[in-house]
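Reader: I want to learn how to read a model like this one. Where should we begin?

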Amino acid sequence: MQSSARAPNPSANYWHGWEEVMKDEANIRRSAWITFMDANVNTPKETLAGICNPASLGRPKQSALLSSSLEGAEVSMTAIAVQAQHLVAHRRPKRSFFETFIRSLIILCVAIAIVLSSISVCDGHWLFAKGKLFGLWHLCAIGNNSALKCTTSLTLANISGLSVGMTLARSMVSFAVVVAIFGLELLMVSQVCEDISSRKKWSMGSVLILLSFLLSFSGVLSFLILLRDYITFMGFTLTYWCEFIATFLFFLNGISGLHLNTITFPRNRMRKN
């Protein structure tokens, strides 16, 4: 038999090359789908299966679905990135054990100072001299039977300006206790509710504690100036020393609170944030 050579078919070569191109396109689309699969969880499974089906590649409808799916995935990834940045910005600042211990110790000392100052102001008997007991609220004298006779009229002490000056002194020390209570509240809230503004609350609380020191110191100093002729070291009562210690604690803890906030969160770091 005579064999005849078949001529090459250009149409077959053309379709073979087109199939290779379509396979490459299918691999690229599968890779893109795998990359954005987790972000595109709201797309129905049937639709996704139709998009990834190699038989459906090249159809306008499936190509449009794939394009919209990828665009939706990009939008979802952008939203996830924004939420992640929001969480990082509002996360609680990490603190060491030593810093937490120091802050707790400052809060405890402020609470002790408030208790001491409250007891001292409520009692008010600060100085005993020349048979008289001078206080913020009363003037007491020792009778014949060693009984105290107290009166609220401070003019009986025959000291010029004592009544007006003592009113000013007890007002300042009383207001110092009130301000210290608000400062202690801010200090505790800054530790219980830790957020991006907790350090500002701590600073405000420390400033209020320092203000309490200034008021308490002014009240004690006014008391000493008014009774400067009667002052003796052994004449000061226990309640006076309670107020003295409370004033010192207000100063120490106010300064320590501000300094601790500065060394743990410096100003240049705040500017960078």
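Author: Begin with burial. A residue counts as buried when its relative accessible area is under 20%. Glutamate 99 has a relative accessible area of 9%, so glutamate 99 is buried. Keep in mind that this is a predicted model.

Reader: What share of the 273 residues in the chain is buried?

Author: Buried residues make up 34%. The accessible surface of the chain is about 17,700 Å². Carbon and sulfur atoms account for 66% of that surface.

Reader: How many helices and strands does the chain have?

Author: Eight helices and four strands. Read the order from the N terminus: α-α-α-α-β-β-β-β-α-α-α-α. Then look at contacts between residues at least 6 apart in sequence. In this chain, 67% of them join residues at least 24 apart.

Reader: Back to glutamate 99. Which residue forms a salt bridge with glutamate 99 at 3.0 Å?

Author: The idea is a distance test. A side-chain nitrogen of Lys or Arg must lie within 4 Å of a carboxyl oxygen of Asp or Glu. Arginine 103 meets it: its closest N and O atoms with glutamate 99 are 3.0 Å apart. The two residues are four apart in helix 4, residues 97-123, so about one helical turn separates them. Both arginine 103 and glutamate 99 are buried.

Reader: How many salt bridges does the rule give?

Author: Two. The other pairs arginine 199 with glutamate 99, with the closest N and O atoms 3.9 Å apart. This pair links distant parts of the chain. Arginine 199 sits in helix 6 and glutamate 99 in helix 4, 100 residues apart. Arginine 199 has 12% relative accessibility, so arginine 199 is also buried. Put together, Glu99, Arg103 and Arg199 form a network of salt bridges.

Reader: Now the nonpolar side. What should I expect of nonpolar side chains?

Author: In soluble globular proteins, nonpolar side chains tend to be buried together. Here, the largest nonpolar core has 21 residues. The members touching the most others are Phe134, Leu162, Met166, Phe223 and Leu227. Strand 1 (125-129), helix 5 (162-192) and helix 6 (198-226) each give two or more residues to this core. Helix 5 gives the most, with four.

Reader: Take one member of that core. Which residues does methionine 166 contact beyond four places in sequence?

Author: Gly135, Leu136, Leu154, Phe223, Leu226 and Leu227. Another core lies apart from this one, with 16 residues. Ile114, Leu184, Trp202 and Phe213 are among them.

Reader: Which nonpolar residues make a patch at the surface?

Author: Phe97, Phe101, Leu105, Leu108 and Ile112. Together they make a nonpolar surface patch of about 530 Å². Leucine 108, one of the patch residues, lies in helix 4.

Reader: How do I read a polar residue such as threonine 247? Is threonine 247 buried or exposed?

Author: Check the area, then look for a polar partner. Threonine 247 has a relative accessible area of 6%, so threonine 247 is buried. Threonine 247 lies in helix 7, residues 238-264. Its side chain makes a polar contact of 2.6 Å with the side chain of serine 216. Beyond four places in sequence, threonine 247 touches Phe213, Ser216, Phe217 and Val220.

Reader: And serine 206? Which helix holds serine 206?

Author: Helix 6. At a relative accessible area of 2%, serine 206 counts as buried. Leaving out neighbours within four places, serine 206 contacts Leu187, Gly254, Gly257 and Leu258.

Reader: Last one, in a loop. Where is alanine 157 found?

Author: In the loop between strand 4 (148-151) and helix 5. Alanine 157 is buried, because its relative accessible area is 3%. Now compare separation in sequence with separation in space. Alanine 157 and leucine 139 are 18 residues apart in sequence. Their C-alpha atoms are 7.5 Å apart. Apart from neighbours within four places, alanine 157 contacts Lys132, Phe134, Leu139, Leu162 and Tyr230. Phe134 and Leu162 are among the residues that touch the most other members of the largest nonpolar core.

Methods: Residues are numbered from 1 along each chain as its sequence is written. This is a predicted model: local features need pLDDT of at least 70, side-chain atom pairs count only at pLDDT 80 or more; totals for chains, interfaces and linings use all residues. Side-chain values use heavy atoms; hydrogens and water are left out. A nonpolar core is a set of buried Ala, Val, Leu, Ile, Met, Phe, Trp, Tyr and Cys residues joined through side-chain atoms within 4.5 Å. Buried means under 20% relative accessible area, exposed over 50%, partly exposed in between (1.4 Å probe, protein chains only). Contact means heavy atoms within 4.5 Å. Patches are made of residues with over 30% relative accessible area and no salt bridge: like charges are joined within 9 Å, nonpolar side chains (Val, Leu, Ile, Met, Phe, Trp, Tyr) within 5 Å. Accessible areas come from the Shrake-Rupley method with a 1.4 Å probe; for residues, only the protein chains shown count as cover. A polar contact is a pair of N or O atoms within 3.5 Å; within protein, one must be able to donate a hydrogen and the other to accept it, and residues adjacent in sequence count only if both atoms are side-chain atoms.
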